Amino acid sequence: MDATDPLYAQVAAHYRQAITAGTMPPGSRMPSVRTLMGLHRVSLSTALQACRLLESQGLLQARQRAGYFVRPPRPTRLARAAEPRQTQADPARFVGVHERISEILTRGIAARPEVNLSGACAHPSLYPTRALALHGQRLLRRRPEILGTQPDPQGLLGLRQALSRLALNAQIQLDPSQLVITHGCTEALSVALRAVTRPGDAVAVESPTYYGLLQLLESLGLRALEIPTSPHTGLSVEALEAAAAQEPRLKAVVVVPNLQNPLGAVMPDAAKQALLASCEARDLALIEDDTYALLCDTPQRAIKSWDTTGRVIFCSSLHKTLAPGMRVGWIAAGRWQPRVEILKYAQSRPNEMLGQAILAEFLAGGQIERHLRALRAKLATQREQMAEALSDELPTGTRLSMPPGGPSLWVELPEGLSSLALFDAALEKGVRLGPGLMYSNSDRFDNFIRINAGNPMDEAQRRAIATLGALCASMLRR
Ligand SMILES: Cc1ncc(COP(=O)(O)O)c(C=O)c1O
């Protein structure tokens, strides 16, 4: 709670925290308006305003004459995402999707669509841009010399200290000297892969996976071993074990255990530990991509938190969680730390100072938790609204992942519908989406699309979903 907020917002923040932490589970009764007045010493209108704010954020629902209750997540009418059909990995292959991905990205950007459903970020209004800008203005006024000072190659110490504190959320203990600031998680993944592989080696990845990772593997001359991955419980450690036994040049596993992109899966703790044990037994580097973890509705442990031997290379970013415009990520590379430091230095030199200083001040100010709580609550509402719109418009047989956090929904269209054909047709009507073919070296996901629920639901978005529905219906009739 921030003492400068209006009183009703402070009261609402108190209960929002209890609801998101699970202290007040779905269905539980909110204290009555009279009780709130007595408990918080506020007026009737302040107590009511607090309840209405929580209701508008999708956290409470009013029942006539009974008061306010914590709203259960709305079940979607679409069937739950299915488990992957294949249980075994294909042999590791050189990635050949660069051209396909580049073409889809280039066409998507050039079309300047009216509605972009293809990203995996929240709307700019959901980030604390004013507070960040104020820190920037103050810094430039008070310390203009930072623009003329060589940055620390490892990154600003104040920022590394703040990120070490942030990592405590995932139960990771990190000394700031074990971190390097990078240009987003992309650079962290790139130096991690370069530290542990040589061209021609194989790297196990989730299937489907983030297309940027496939682009990286291709650019480094690495082969991708795509491991079947559940939309609910993430990477199959069993399938990894079987595939690893067949691939002598397997050197590393890249995994997104918390809110995998594009599936939104969260690996159970037992699976995270089993994966770490498997990497220990086979002497594989475990590259953990933590990009979305802070957007989980309930806090999740990182695999790094169980790492006692420095085997896990932890890569993260503030790009989705705090400041998409600032491109700040970091890496804690365990036993590969010295090599990663020099690779980062050789690849791009240190990150610029101003951005690091702004983020260090913001994080030190302690506002991050409040921002994250609000962002998670907004995303939860938007995911539900998007799921409702999809279930109203998309054809029978469509399935949907309902991830426990983050901005993305992974949608399985009925068999026979091609996401690439839908991408083309939708783009002509001013709507951009993420076709499933981008997320694998195989054609296995052509009837899947990824939809971004990061933007507040408005008429334009509803129309865009209706357009997708109409296009699917006409493609099915053909
Ligand atoms: C799983 C995953 N890892 C890494 C990235 C890239 O992160 P950054 O933008 O911080 O470079 C993304 C971006 O979409 C992602 O989805």
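Start by selecting Glu412 and Phe448: Phe448, in strand 18, is the bridge partner of Glu412. Before you go on, know that this is a predicted model, where local features need pLDDT of at least 70, side-chain atom pairs count only at pLDDT 80 or more, and totals for chains, interfaces and linings use all residues. Residues are numbered from 1 along each chain as its sequence is written, and side-chain values use heavy atoms, leaving out hydrogens and water.

Now colour residues 408–412 (strand 15) and 448–452 (strand 18), which pair in the antiparallel sense over 5 bridges. Strands here are DSSP runs of E with at least two residues, helices are runs of H or I with at least four, and both are numbered from the N terminus. Two strands pair if DSSP finds at least two bridges between them.

Zoom out to the open sheet: its 5 strands run in the order 3-14-15-18-17, with mixed pairing. At the edges, pairing on one side only, sit strand 3 (79–80) and strand 17 (434–435).

Next, click on the ligand. Which residues are closest? Among the 13 that surround the ligand, they are Thr186, Asn261, Asp289, Tyr292 and Ser317 ("near" means a heavy atom within 4 Å). Select helix 7 (residues 184–196) too, as this helix gives the shell its largest share, 3 residues.

Show side chains for the polar contacts (pairs of N or O atoms within 3.5 Å). A polar side-chain atom of Asp289 lies 2.5 Å from a ligand nitrogen, and one of Thr291 lies 3.4 Å from a ligand nitrogen. Over at Lys320, a side-chain N or O atom is 2.8 Å from a ligand oxygen.

Conventions
Polar contact = N/O pair within 3.5 Å; in protein donor to acceptor, adjacent residues only side chain to side chain.
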